[in-house]
Amino acid sequence: SEAKLGQVVKGSPSVLSLTVKKMKAKKKFLLETVGVSEAKLGQMVERFPHLFSYSEENIEAKRDFLRGAGVAEDQLWQVVERCPNLLGLSVDGNLAPTFRF
């Protein structure tokens with residue numbers, strides 16, 4: 001809807017600088033690599049518009065850290081679906097110290 005699109009743009013104006021090609025590529029990456037459905041991806045972007053601004057390498061680094069910390073694959077993306085801003089955290093600055101606690 002227009003209202004939801006407005007929220008995404010307001011939350012992350014940088015999405016306006018992305019080309020359609022880049023957005024389609026990021027969507028494909030998230031659907032295939034992250035394993036979320038299109039509906040869930042839409043909800044994630046609504047809650048955390050910056051999601052499309054992160055590089056694939058950045059997202060993969062978070063995935064790899066969480067796997068290494070013992071989060072099971074089937075639970076990994078359930079966690080990210082519920083809390084997509086987790087992908088915005090620094091591994092060294094936020095995630096690693098939290099998991100060490």
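Student: In which helix of this predicted model does Glu81 lie?

Tutor: Glu81 lies in helix H5, and the structure you are looking at is a predicted model.

Student: Which residues of helix H5 are buried, and how should I read their positions around the axis?

Tutor: Buried means under 20% relative accessible area, and in H5, which spans residues 73–82, the residues that meet this are Leu76, Trp77, Val80 and Glu81. They cover an arc of only 130° around the axis, so they sit on the same side of H5. On the other side of H5, Asp74 and Arg82 are exposed.

Student: What covers the buried residues of H5?

Tutor: The cover includes helix H2 (20–34), helix H3 (38–47) and helix H4 (56–68). For Glu81 in particular, once its neighbours within four places in sequence are left aside, the contacts are Val36, Lys40, Met44 and Arg47.

Student: Which side chain of opposite charge is nearest to Glu81, and how far away is it?

Tutor: The nearest one is that of Lys40, 4.0 Å away, and Glu81, although buried, has no salt bridge.

Student: Which residues of H2 are buried, then?

Tutor: In H2 the buried residues are Lys26, Phe29, Leu30 and Val34. They cover an arc of only 95° around the axis, which puts them on the same side of H2, whereas Val20, Lys21, Lys24 and Glu32 are exposed on the other side. The cover over the buried residues of H2 includes H3, H4 and H5.

Student: What follows H2?

Tutor: H2 is followed by Gly35, whose phi is positive, near 80°.

Terms used: Residues are numbered from 1 along each chain as its sequence is written. This is a predicted model: local features need pLDDT of at least 70, side-chain atom pairs count only at pLDDT 80 or more; totals for chains, interfaces and linings use all residues. Side-chain values use heavy atoms; hydrogens and water are left out. Buried means under 20% relative accessible area, exposed over 50%, partly exposed in between (1.4 Å probe, protein chains only). Helices (H or I, at least four residues) and strands (E, at least two) are DSSP runs, numbered from the N terminus. The arc is that of the directions from the helix axis to the C-beta atoms. Contact means heavy atoms within 4.5 Å. Lys and Arg count as positive and Asp and Glu as negative; His and the chain ends are not counted.
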